[in-house]
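Visitor: Could you choose one part of this model and take me through it closely, from the pairing of its pieces to what surrounds them? I would like a connected account that I can follow residue by residue.

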Amino acid sequence: MKLILTASIKEAEFEPLKKVFPLEIVKVAAKKSLQGLGDNIKCSTKIPKTVLKKIYLTSTSGAGRAVFLLQISSQKSVLVMIKPKNDKQIGANMTVKNPKFKKILDKNLDLILTDLANKNFEEYEL
């Protein structure tokens with residue numbers, strides 16, 4: 001099992017929150033998502049052989065949520081989004097019915113696909 005962290009997502013999502021949700025917390029959440037835990041999220045962008053999962057995060061600094069794009073066959077989990085529970089834009093409403101969430105999700109998925117095509121990512125063992 002592997003966690004993939006693309007350069008764009010690392011800069012936009014992970015770096016600003018790495019003190020609240022360090023890499024080890026993200027890795028645990030990624031592993032749980034690959035094991036089937038979490039809620040499936042519908043997405044307007046269909047990526048073959050993948051599933052989007054929302055996982056709840058807890059750390060000593062607070063609670064949050066992360067979204068992972070799972071490649072089930074290869075046991076890889078790609079971080080798409082990470083937000084604290086009290087995030088002003090999205091907060092607890094991480095569904096495609098929330099237009100702000102949907103906009104960020106679509107943008108992040110486009111960034112991920114570009115980074116993956118350009119091999120601009122880091123892989124971590126879970």
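Guide: A good place to begin is glycine 64, whose bridge partner in strand 5 is proline 84. Everything that follows describes a predicted model, and I will work outward from this pairing. Glycine 64, in strand 4, also stands opposite leucine 57, and a look at strand 4 therefore leads to its pairings with strand 5, which runs antiparallel to it over eight bridges, and with strand 3, which runs antiparallel to it over 10 bridges.

The connections between these strands are hairpins. Strand 3 passes to strand 4 through a hairpin of two residues, and threonine 60 belongs to that loop. Is threonine 60 buried or exposed? Its relative accessible area is 86%, and because exposed means over 50%, threonine 60 counts as exposed. For all that, its C-alpha atom is 7.8 Å from that of valine 20, a residue 40 places away along the chain.

The hairpin between strand 4 and strand 5 has four residues between the strands, and glutamine 75 lies in this loop. The phi of glutamine 75 is about 55 degrees, a positive value in a residue that is not a glycine. With a relative accessibility of 31%, glutamine 75 is classed as partly exposed. A positive phi of about 55 degrees is also found at lysine 119, again a residue other than glycine; lysine 119 sits in the loop between helix 3 and strand 6, and at 68% relative accessibility it is exposed.

Strand 5, which covers residues 76-84, deserves attention in its own right. Why can it be called largely enclosed by the rest of the structure? Eight of its nine residues are buried, so the surrounding parts of the model cover most of it. Besides its antiparallel pairing with strand 4, strand 5 pairs with strand 1 in the parallel sense over three bridges. In that pairing isoleucine 4, a residue of strand 1, is set opposite valine 78 of strand 5.

Isoleucine 4 shows what surrounds this part of the model. Its relative accessible area is 4%, and since buried means under 20%, isoleucine 4 counts as buried. Leaving out residues up to four places away in sequence, isoleucine 4 touches Lys76, Ser77, Val78 and Leu79, and also Leu116, Phe121, Glu122 and Glu123. The C-alpha atoms of isoleucine 4 and phenylalanine 121 are 6.7 Å apart, although 117 residues separate the two in sequence.

A comparable case is lysine 27, which belongs to helix 2. With 18% relative accessibility, lysine 27 is counted as buried, and beyond its neighbours within four places in sequence it is in contact with Leu3, Tyr124, Glu125 and Leu126.

The strands also contribute to a nonpolar core. In soluble globular proteins, nonpolar side chains tend to be buried together. Here the largest nonpolar core holds 35 residues, and those that touch the most other members are Leu52, Val67, Phe68, Leu79, Val80, Met81 and Leu105. Each of strands 1, 3, 4 and 5 supplies at least two residues of this core, as does each of helices 1, 2 and 3. Leucine 105 illustrates the packing: apart from residues up to four places away in sequence, it touches Cys43, Leu52, Val67, Val80, Met81 and Val96.

On the other side of the pairing pattern, strand 2 is joined to strand 3 by three bridges, and the two run antiparallel; asparagine 40 has lysine 53 of strand 3 as its bridge partner. Both of these strands, strand 2 (39-41) and strand 3 (50-59), give at least two residues each to the lining of the largest pocket, and strand 3 gives the most, namely three residues. That pocket contains about 160 Å³ of space. Its lining includes Asn40, Ile41, Cys43, Leu52, Leu69 and Leu109, and by character the lining residues are seven nonpolar, three polar and two charged. Leu52 and Cys43 in this lining are also among the residues that leucine 105 touches.

How values were computed. Residues are numbered from 1 along each chain as its sequence is written. This is a predicted model: local features need pLDDT of at least 70, side-chain atom pairs count only at pLDDT 80 or more; totals for chains, interfaces and linings use all residues. Side-chain values use heavy atoms; hydrogens and water are left out. On a 1 Å grid over the protein atoms alone, a cavity is a set of points where a 1.4 Å probe fits but cannot get out, and a pocket is an open set with protein on both sides within 12 Å along at least five of seven lines; lining residues have an atom within 4 Å of a point. Grid points are joined across faces, edges and corners, and a volume is the space filled by probe spheres set on the points. Ala, Val, Leu, Ile, Met, Phe, Trp, Tyr, Cys and Pro count as nonpolar, Asp, Glu, Lys and Arg as charged, and the others, Gly among them, as polar. A nonpolar core is a set of buried Ala, Val, Leu, Ile, Met, Phe, Trp, Tyr and Cys residues joined through side-chain atoms within 4.5 Å. Buried means under 20% relative accessible area, exposed over 50%, partly exposed in between (1.4 Å probe, protein chains only). Contact means heavy atoms within 4.5 Å. Two strands pair if DSSP finds at least two bridges between them.
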